[in-house]
Amino acid sequence: MARLGMVIDLKRCIGCNACTLACKQENATPEGIHFARVVTCEVGTYPQTKRMFLPTLCNHCSDAPCATACPTGATHIRPDGIVMVDHELCIGCRACNVACPYMNRHFVEHGLLKHGYSSNGISPMEAIKFLEYDEGTNIKCTLCAHRVDQGLEPACVVTCPTDARIFGDWDEEDGKLRRLVKERNGWVLLPEYGTKSNVYYLDA
Amino acid sequence: MATHELLIAPHRFAVGYHRQTFWNWLIGIAFFLGGVGGGLFFVSILTGHVAGMIVAYVLLAGGKNTAHLLFLGRPERFLSAARRPDRSWIARGIWAMGIFMATGIVSILLQAHSKWIHLSEPFANLVFALAAASAFFIACYDGFLMRSSAGVAFWRSLLLPLLLFMYASLGGVTLSLTIRELRGETFSPILPSLERWLLVANFFLLAVYLYRMTHSFPAARESLREWLSGTYSRVFWGLVLFVGLVSTLLLSLAHSTVESSVLVVLIACCELIGDFSMMMLMLKSGLFAQQVAAAFDSAKSSA
């Protein structure tokens, strides 16, 4: 049994958005939909300010509220912990959208798959990947399940130039994820929502 | 100066509270009709009022269902939504609606033309009970559904199902009175009295709900601010509070001394406007949390 997840080291993140682009390219998500985002902000008061980057993705929660809210069972958790959507079953009720406190669910509006990301129509990559999506249904980060199934790491992880994203299995007792979180007091986003997130962050 | 803590984020890469835009006006209409229709059917079946039952059946089977189907991304698959009643309120709602549509129509026929349908008394009573129970459930379950939507902090209160049920009851009683008045039927004086008590109870329940939100998550407090003094304050003070509760109560009190059909219709209009505005306000003011709060707190301390 595995419980796949990620640790994101905010000290290493430089806000380059390479993960955003790698995800976009790997999954050819429709226009306006980003599975991986880097939230950027300045904190502090001049002259003591700091630029903050927070890479985000689906937290693949063990107690995923989106899966609980789904009336059809389209959203389900794989044995390795990845939260997936079966778009053949999804009815587009958007209960998962309002259930996910991290806003990592994305609704594919009607007509969205008729044009690609660029103005030159649908690219060959989009023509292939768009077959996996269905208008009027929900999509989400799959932790690059198609790559993980081949023993590869997610696209956002392999692309990160500073190794800020660390992918692994939480069920490995002496694994790097557990070690990092223990050593540097890792934390999750919105712990008060009790989702048992599998994406941890390390302080900047 | 950092301004991240109070702003509504313009896009998903920005910091701030994010608006709930997934459930739109169609869901607002569906929830509103579910409440009013469920309440009306429940009141009508208890008082044996056929016209009220028919109107409620049309509101639920025709109105609510149509709004839901128009909203769905893939309406042709709607029956799949009944697959997980063990954990999803939408699935439970589908089951309740199915039971209601079957037993509701039989109840109406039994009530209106008992000579046409021959059912043994225990079986007829069972049908009435199922129709009443499913209408009651339909009037309540939207509140539970919203409460279980964990992403929106403003809905995460056990008081929400109660508040929506109370509004449903009020809408049901008001519509029942209006239909009887317009049809020139007599009715028990208990109904207008019940309407006034429900108006007072809704006022206090709404106040308690909003007060409870002052102790809730930061996103819920921001939603509350939007109700009281922010983007939606005019709708709240004007439509929900003044038109929906205060004016309705004053007109209802006036109706106890002055008999007038116009007054009854006016009461119904005010109540329904307030009811619908409250539902839309609930949906529109829903905010997602600032998920970066912890990250910024740690960054601020080291800045």
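**Exercise 1. The small sheet of chain A**

Which residue is the bridge partner of A:Met6 in β9(A)? Once the partner is found, place β9(A) in its sheet and describe the helix that lies across the strands.

*Solution.* The model used throughout these exercises is a predicted one. Start from the residue itself: A:Met6 has A:Val199 as its bridge partner in β9(A). Next, look at the strands involved, where β1 (residues 4-9) of chain A pairs with β9(A) in the parallel sense, over four bridges. Then widen the view to the sheet, which is open, has three strands in the order β8-β1-β9 (chain A), and shows mixed pairing. Because β8 (165-169) and β9 (199-202) of chain A each have a single partner strand, they stand at the edges, and one side of each is left without a neighbour in the sheet. On average, and ignoring direction, neighbouring strands of this sheet are turned by 20 degrees against each other. Finally, add helix α7 (residues 176-183) of chain A, which lies across β1, β8 and β9 of chain A and runs at about 120 degrees to β8(A).

**Exercise 2. The outline of chain B**

Determine how many helices and strands chain B has, and decide how its radius of gyration stands against the globule rule.

*Solution.* Counting the elements gives 10 helices and two strands for chain B, and reading along the sequence gives the pattern β-α-α-α-α-α-α-α-α-α-β-α. The radius of gyration of chain B is 21 Å, close to the 19 Å that the globule rule gives for 303 residues, so chain B is as compact as a globular protein of that length. As a further description, the C-alpha trace of chain B spans about 80 × 50 × 25 Å along its principal axes.

**Exercise 3. Helix pairs in chain B**

For α1(B) with α2(B), α3(B) with α4(B), and α5(B) with α9(B), work out the crossing and the make-up of the contact.

*Solution.* Take α1 (residues 25-47) and α2 (residues 50-71) of chain B, whose axes come within 8 Å and cross at roughly 160 degrees. That angle makes α1(B) roughly antiparallel to α2(B), and α1(B) passes α2(B) in a left-handed crossing. The residues of this contact divide into 19 nonpolar, seven polar and one charged.

Turning to α3(B) and helix α4 (residues 121-147) of chain B, the axes are 7 Å apart and the packing angle is about 145 degrees. The crossing of α3(B) and α4(B) is left-handed, and the contact has 19 nonpolar, five polar and one charged residues.

Last come α5 (residues 159-182) and α9 (residues 261-284) of chain B, with axes that come within 9 Å and cross at roughly 155 degrees. These two helices are therefore roughly antiparallel to each other, and α5(B) passes α9(B) in a left-handed crossing. Among the residues that make the contact are B:Tyr167, B:Leu170 and B:Glu181 of α5(B), together with B:Val264, B:Glu271 and B:Asp275 of α9(B). By class, this contact has 11 nonpolar, four polar and three charged residues.

**Exercise 4. Where chain B touches chain A**

Find how many residues each chain gives to the contact, and which helix of chain B supplies the largest share of the side that touches chain A.

*Solution.* The contact takes 42 residues from chain B and 48 residues from chain A. On the side of chain B that touches chain A, α3 (89-112) and α10 (293-302) of chain B each supply at least two residues, and the largest share, seven residues, comes from α10(B). Sorted by class, this side of chain B divides into 23 nonpolar, 12 polar and seven charged residues.

Notes: Residues numbered from 1 in each chain as written. Chains lettered and ligands numbered in written order. Predicted model: local features only at pLDDT ≥ 70, side-chain atom pairs only at ≥ 80, totals over all residues. Axes fitted to C-alpha atoms, helices over the stretch in contact; angles between N-to-C directions. Parallel < 35°, antiparallel > 145°, perpendicular 65-115°, else oblique. Left-handed = near helix turned anticlockwise from the far one by under 90°. Nonpolar A, V, L, I, M, F, W, Y, C, P; charged D, E, K, R; others polar. Contact = placed C-beta atoms within 7 Å. Pairing = 2+ DSSP bridges. Rg over C-alpha atoms; globule rule 2.2 N^0.38 Å.
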